[in-house]
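Here is a short briefing on a sheet, the helices that pack on it, and one residue within it. Please read it beside the model.

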Amino acid sequence: MSDTVKRYFAAFNAGDVDTMLDCLSDDVAHHVNEGQIRVGREKFADFCAHMNRCYKEELTDMVVFEAGEGTRAAAEYIVNGTYLKTDAGLPEANSQAYRLPAGSFFDLRDGKITRVTTYYNLADWVKQVSNG
């Protein structure tokens with residue numbers, strides 16, 4: 001199943017939301033860092049559209065782990081980004097660059113991702129874009 005996770009991240013780096021969505025189950029639970037759980041592909045697509053308006057990101061130094069006979073996976077990586085447009089409740093955007101360690105955790109079923117949970121240090125990100 002780690003092939004599904006690798007495909008998901010390759011699509012992320014390519015800006016290919018359709019392929020990311022194809023990796024997800026219809027009832028995917030998206031646990032956003034310091035946010036609400038969003039259920040379903042449509043809400044995930046809305047989240048991606050919002051993120052693509054506000055941020056340009058590439059993930060590097062990716063390490064993917066698999067467990068549970070292919071039903072669980074995790075990934076650790078570095079987010080290399082540019083803050084493009086001010087996101088509500090966050091500092092003003094003016095194309096600040098940031099570099100942030102992050103991790104994602106996945107549940108998988110029948111070759112599809114059923115849960116995505118992403119963690120990063122929001123305070124570190126705020127500090128980086130506030131000093132940029």
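A residue counts as buried when its relative accessible area is under 20%, and as exposed when that area is over 50%. The model is predicted. Its open sheet has six strands with mixed pairing.

**Sheet**
- The strand order is E2-E1-E6-E5-E4-E3.
- Strand E2 (37–39) and strand E3 (55–67) form the edges. Each of these two pairs on one side only.
- Neighbouring strands are turned by 20° against each other on average, direction ignored.

**Pairing of E3 and E4**
- E3 and strand E4 (residues 72–83) run antiparallel. They are joined by 11 bridges.
- Val64 stands opposite Ala75 in E4.

**Helices on the sheet**
- Helix H3 (residues 41–54) lies across strand E1 (24–31), E2, E3, E4 and strand E6 (112–120). H3 runs at about 55° to E1.
- Helix H4 (residues 122–130) also packs on the sheet. H4 touches E3, E4, strand E5 (96–109) and E6. The direction of H4 makes about 155° with that of E5.

**Thr114**
- Thr114 sits in strand E6.
- The relative accessible area of Thr114 is 13%. That value is under 20%, so Thr114 is buried.
- Leaving aside residues up to four places away in sequence, Thr114 touches Ser25, Asp27, Val28 and Ala29. Asp107, Leu108 and Arg109 are also among the residues Thr114 touches.

Methods:
Residues numbered from 1 in each chain as written. Predicted model: local features only at pLDDT ≥ 70, side-chain atom pairs only at ≥ 80, totals over all residues. Heavy atoms only, no water. Pairing = 2+ DSSP bridges. Helix = DSSP H or I, 4+ residues; strand = E, 2+ residues; numbered from the N terminus. Axes fitted to C-alpha atoms, helices over the stretch in contact; angles between N-to-C directions. Contact = heavy atoms within 4.5 Å. Buried < 20%, exposed > 50% of the residue type's maximum accessible area, 1.4 Å probe, protein only.
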